[in-house]
Amino acid sequence: MAGSSSYHRGMSSTAAPTTSAAAGGPSLPQERRLVTEVPGPRSRELFARKSAAVAAGVGVAVPIAVVAAGGGVVVDADGNSFVDLGSGIAVTSVGNAHPGVVAAVTEQVAAFTHTCFTIAAYDGYVAVAEALNRLTPGDHEKRTALFNSGAEAVENAVKIARKHTGRQAVVVFDHAYHGRTNLTMALTAKNQPYKDGFGPFAPEVYRVPMSYPFHDGLSGPEAAKRAISQIEKQVGAANTAAVLIEPIQGEGGFVVPAPGFLPALSEWTTANGVVFIADEVQTGFARTGAMFASEHEGIVPDVVTTAKGMAGGLPLSAVTGRAEIMDSAHVGGLGGTYGGNPVACAAALAAIGAFEHDGLVERAREIGDVVLQALRTAQSGDPRIGDVRGRGAMVAMELVDPATGDPDPGLTGRVVRHAYEHGVIALTAGTYGNVVRFLPPLAIDDDLLREGLDVVLEGLATA
């Protein structure tokens with residue numbers, strides 16, 4: 001990388017770095033630093049081993065071998081330090097290796113690592129359930145069940161809704177992503193890479209149009225009327241167990257529905273005895289500048305699914321909902337060997353404490369202001385940036401062919417590649433692969449955040 005024009009603040013290995021201990025991680029210098037090309041020799045060595053040992057279907061977006069991470073940086077085996085604008089897909093929101101999470105996990109591992117909650121119960125599981133019952137939208141009586149992944153939570157939410165209503169049909173939306181299990185692949189809209197060749201899929205799943213203001217130009221109520229009309233004509237309210245929606249779509253491209261869309265859907269489900277399930281797997285826990293994205297429009301879902309940011313990097317997910325809905329499942333109908341593992345629960349309690357008491361909701365809003373301002377400034381001079389959207393620290397830049405308005409996934413790929421080759425981790429998204437999504441840890445500092453954005457926009461300018 002010698003001679004690169006991309007050496008900005010923190011790129012020199014001799015610079016006096018800032019550190020991040022309180023924000024997470026082993027006091028790593030909070031700097032972008034390249035000492036080799038990317039990928040470097042040690043990273044290439046790991047990927048040679050991966051090719052020989054790991055199934056080809058397990059892809060890796062950024063070809064680096066990670067050895068440490070914290071605050072707003074990820075460090076690879078070659079000594080390169082990357083600005084992290086992805087948070088492991090919104091997982092390490094509190095900061096990687098957050099000290100509180102590390103301490104809680106260490107203490108729990110020393111006590112016991114597993115009993116299976118359905119065999120012998122423990123406090124941590126119940127404490128996480130109590131926290132989620134308190135924090136999720138609405139002051140009604142709630143119950144929670146814990147699982148391992150977002151897909152598992154969504155699948156169980158559907159099970160519970162079907163049991164409660166005695167109905168089978170589940171309504172989902174264009175551009176939705178809900179997971180990779182058989183049922184959640186059926187719920188997911190995007191074929192490649194998630195569904196192609198893996199069918200047949202679970203039945204009784206019906207897809208309707210999403211509110212996507214950049215593409216459809218409809219108001220929220222207009223888009224809701226269109227979706228509800230399709231449900232009533234093609235499915236029937238009396239057959240519908242649940243309407244399942246991400247309040248802001250994740251993998252689908254960070255699609256923020258027009259105001260009024262979600263409230264109209266919620267009102268329709270209530271009027272028709274349909275369970276309204278908010279998939280907050282990616283949007284939950286301060287990510288959007290509210291503890292849950294449903295709060296932005298005052299939505300009180302019947303059921304909420306959570307995962308990702310909840311446990312500071314450990315695998316844990318949950319279904320939280322109205323007591324009468326959640327208690328519909330018979331004893332033994334919910335559970336799993338690892339669901340609500342005690343170590344993951346300890347991590348979650350520490351992470352939830354940070355979300356509540358360390359100002360991370362407010363910090364997400366501040367990050368959103370910085371990112372949106374930078375991207376909108378760039379958009380004003382670059383017609384390839386078709387849309388900039390998002391809430392809090394969940395922001396997207398949709399790239400298009402300026403002549404036709406068509407999606408431009410090739411350009412998007414080049415921008416993201418430029419970013420990681422110059423020390424910044426950024427992710428793509430979107431049904432057509434033409435969205436750059438920004439999910440920085442809430443522990444990142446403003447200088448590092450702005451530097452990361454500069455690199456991404458430099459990649460766009462030179463692509």
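Ala, Val, Leu, Ile, Met, Phe, Trp, Tyr, Cys and Pro count here as nonpolar, Asp, Glu, Lys and Arg as charged, and the others, Gly among them, as polar. With that in hand, here's a look at the empty spaces and one helix of this predicted model.

Start with the closed space. The structure has one cavity of 30 Å³ or more, and the largest cavity holds about 40 Å³. Around it sit His-175, Tyr-212, His-215, Gly-252, Glu-398, Gly-430, Thr-431, Tyr-432, Asn-434 and Val-435. That lining splits into three nonpolar, six polar and one charged residue.

Now for an open one. The second largest pocket takes up about 390 Å³. Its lining runs to 18 residues, with Tyr-125, Thr-144, Ala-145, Leu-334 and Gly-335 nearest the centre. Strand β6 (residues 142–147) chips in four of the lining residues, the largest share.

Here are the two linings by class:

| Space | Nonpolar | Polar | Charged |
|---|---|---|---|
| Largest cavity | three residues | six residues | one residue |
| Second largest pocket | eight residues | eight residues | two residues |

On to helix α12. Its 20 residues (360–379) should span 28 Å at 1.5 Å a residue, and the end C-alpha atoms are 28 Å apart, so the two agree. Which residues of α12 are buried? They are Leu-360, Val-361, Arg-363, Ala-364, Ile-367, Gly-368, Val-370, Val-371, Leu-372 and Leu-375. The cover over these buried residues includes α11 (342–357) and α14 (446–462), along with strands β13 (385–391), β14 (394–399) and β17 (435–438).

Terms used. Residues are numbered from 1 along each chain as its sequence is written. This is a predicted model: local features need pLDDT of at least 70, side-chain atom pairs count only at pLDDT 80 or more; totals for chains, interfaces and linings use all residues. Side-chain values use heavy atoms; hydrogens and water are left out. Helices (H or I, at least four residues) and strands (E, at least two) are DSSP runs, numbered from the N terminus. The expected span of a helix is 1.5 Å times one less than its number of residues. Buried means under 20% relative accessible area, exposed over 50%, partly exposed in between (1.4 Å probe, protein chains only). Contact means heavy atoms within 4.5 Å. On a 1 Å grid over the protein atoms alone, a cavity is a set of points where a 1.4 Å probe fits but cannot get out, and a pocket is an open set with protein on both sides within 12 Å along at least five of seven lines; lining residues have an atom within 4 Å of a point. Grid points are joined across faces, edges and corners, and a volume is the space filled by probe spheres set on the points.
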